[in-house]
Amino acid sequence: MVCREESKDQIAVMQHKIQMKKGNFDVADSLLQQLVTFYPESIMADDALFLRAQLNEEQLHRAKTAFECYETIIMDHSSSLYADDARKRYNALKPKVQKST
């Protein structure tokens, strides 16, 4: 019997989904942050950044953190499938973030 070993970045995304379903948004955010911090070259990094941006924008109401995640996608993952959506959300959040600083 062959067992497929899940990579740590994929496990972090699965754990994030579980925490989201439980309503543990801060824990879910922490898991995504760990993925981005410890596995920045992972194929899942742009997914984690976008999920984290959405979580911070929509659930945790942390516009600045969401803005920073979108910015990272635009700057460091410009070929990502999320780049266009990240740019739109970045531009939408920019006035709000500038006003709060």
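**Group meeting: an all-helix chain and its residue L49**

Okay, so reading along the sequence, the protein chain goes α-α-α-α-α. That's five helices and zero strands, where helices (H or I, at least four residues) and strands (E, at least two) are DSSP runs numbered from the N terminus. Keep in mind this is a predicted model, where local features need pLDDT of at least 70, side-chain atom pairs count only at pLDDT 80 or more, and totals for chains, interfaces and linings use all residues. Residues are numbered from 1 along each chain as its sequence is written, and side-chain values use heavy atoms, with hydrogens and water left out.

Now, overall shape. The radius of gyration is 14 Å, which agrees with the value near 13 Å for a compact globule of 101 residues; that's taken over C-alpha atoms, and the globule rule is 2.2 Å times the number of residues to the power 0.38. Along its principal axes, the C-alpha trace spans about 55 × 30 × 20 Å. Of the 101 residues, 39% count as buried, meaning under 20% relative accessible area, with exposed over 50% and partly exposed in between (1.4 Å probe, protein chains only).

Let's zoom in on one residue. L49 sits in helix α3, residues 45–59. So, buried or exposed? L49 is buried, at a relative accessible area of 4%. And what does L49 contact, leaving aside neighbours within four places in sequence? Those partners are V36, C69, T72, I73 and H77, with contact meaning heavy atoms within 4.5 Å. Then there's Y82: 33 residues from L49 along the chain, with the two C-alpha atoms separated by 9.4 Å.
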